[in-house]
Amino acid sequence: MIAVARAPAYLTIQDMGRHGYRSAGVPRGGAMDEWSLAAVNQIVGNARGAAGLEWALSGGALQFRDNTTFAIGGADAVCALSGISVDPYRAISAKAGDTLVVDRIIGGRFLYVAVSRGIACEPVLGSRSTYLAGGFGGHDGRRLRSGDLIATGAVRRSMRRHQVSDPLPAHLQPSLRTDAMRIVLKLFAGGDPVHDFMFARYHVSLASDRTGYRLDGIMQTGGESVTSEPVCPGAIQLPPDGGPIVLMADAPTIGGYRVAGCVISADLGSLAQKVPGDEVTFEAVSVRVAQAHLQKREELMNAIAEWAL
């Protein structure tokens, strides 16, 4: 059991989201930076998709009520366990009564906390992720508050005790892409209305959340309302006012704006970690290249799992 001793402004339970319900209008949801959550899960011996905590915006504190192994990763943060500094991407053993304090996030947007055996709230539609807009999943469908108690998974007799306490080697840590976000462009009949879009520089707007990141910058021509069509996380919408919107984890299943293309899955976590004011540029790649980068990410996750054995 974990107690939320001092809740940050944003703290939710997330896993890899709900799959197979988009036809019923249920967004995928899940971790904004699924690669970072997957990495810390595997460091503590969990399955990649186990539920963990997604933390943002401000500091806070968690108290462990039982002996627990945990790891943090994703955003850079100043953290300490009962006064001792905590390194990212490293399995840390906490004793019952220890308190993990996140003083502040100093780089990136979403910090992930994985605990051995994962978070054990009741699944909804096959996922423990919190969908705030719908008010379901996670802990009563809401952000965690001070005083909340979070259950962790039960220990099974066959469960292997986690042994590795070394920090994850730097070359295995999920790196955040600082270059242009790679996208697959949507082809339009009769011309290329998104040509200018590709060469512009944008900044993440304050109007950005788990549903989408609006981008400030040069307003684009070619944006318009269209007959609703399927969309997904990563889709880049061009509304009539010309300010692009990149749909994120809680993206709706359909949208009524023109779509310029889609950020590739391998880069979506890096985009999620950008904060308001950060610069965003784009680079067009083919579907084949996008698939190759996704395969590299999968190989990295497999390497982390093998290292953590």
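These are my notebook entries on what I looked up in this structure, which is a predicted model.

**Entry: strand β2 and its partner**

I started with strand β2, residues 10-14, and found that five of its five residues are buried, so I noted the strand as mostly covered. Looking at the two sides separately, I saw Y10, T12 and Q14 on one face and L11 and I13 on the other, and the residues of both faces are all buried. I then looked for a pairing and found that β2 runs antiparallel to strand β3, residues 52-56, with five bridges between them. Within that pairing I followed L11 across to β3, where its bridge partner is W55.

**Entry: helix α1**

Next I turned to helix α1, residues 34-43, which is mostly covered, with nine of its ten residues buried. I listed the buried residues as W35, S36, L37, A38, A39, V40, N41, Q42 and I43. When I asked myself what these buried residues of α1 pack against, I found the strands β2, β3, β5 (68-81) and β8 (99-115), together with the helices α3 and α4. After α1 I came to G45, and I wrote down that its phi is positive, near 85 degrees.

**Entry: helices α3 and α4**

Since both helices had come up in the packing of α1, I looked at α3, residues 265-272, and α4, residues 287-308, whose axes come within 7 Å and cross at roughly 70 degrees. Angles of 65 to 115 degrees count as roughly perpendicular, and α3 and α4 are therefore roughly perpendicular to each other. At their contact, S265, A266 and S270 from α3 meet H293, L294 and R297 from α4. I sorted the residues of this contact into two nonpolar, three polar and one charged.

I also checked how covered α3 is, and because seven of its eight residues are buried, I recorded the helix as largely enclosed by the rest of the structure. The buried residues in α3 are A266, D267, L268, G269, S270, L271 and A272.

**Entry: cysteines**

Last, I searched the whole structure for disulfides and found zero. C232 is in no disulfide, and the nearest cysteine sulfur to its own, that of C262, is 4.0 Å away, whereas a disulfide would need the two sulfur atoms within 2.5 Å. Coming from the other side, I found C262 likewise in no disulfide, with the sulfur of C232 as its nearest cysteine sulfur. Are these two cysteines buried or exposed? I noted C232 as partly exposed, at 31% relative accessibility, and C262 as partly exposed too, at 22%.

Methods
Residues are numbered from 1 along each chain as its sequence is written. This is a predicted model: local features need pLDDT of at least 70, side-chain atom pairs count only at pLDDT 80 or more; totals for chains, interfaces and linings use all residues. Side-chain values use heavy atoms; hydrogens and water are left out. Buried means under 20% relative accessible area, exposed over 50%, partly exposed in between (1.4 Å probe, protein chains only). Helices (H or I, at least four residues) and strands (E, at least two) are DSSP runs, numbered from the N terminus. Two strands pair if DSSP finds at least two bridges between them. Axes are lines fitted to C-alpha atoms, for helices over the stretch in contact, and angles run from 0 to 180 degrees between N-to-C directions. Angles under 35 degrees count as roughly parallel, over 145 as roughly antiparallel, 65 to 115 as roughly perpendicular and the rest as oblique. Contact means heavy atoms within 4.5 Å. Ala, Val, Leu, Ile, Met, Phe, Trp, Tyr, Cys and Pro count as nonpolar, Asp, Glu, Lys and Arg as charged, and the others, Gly among them, as polar.
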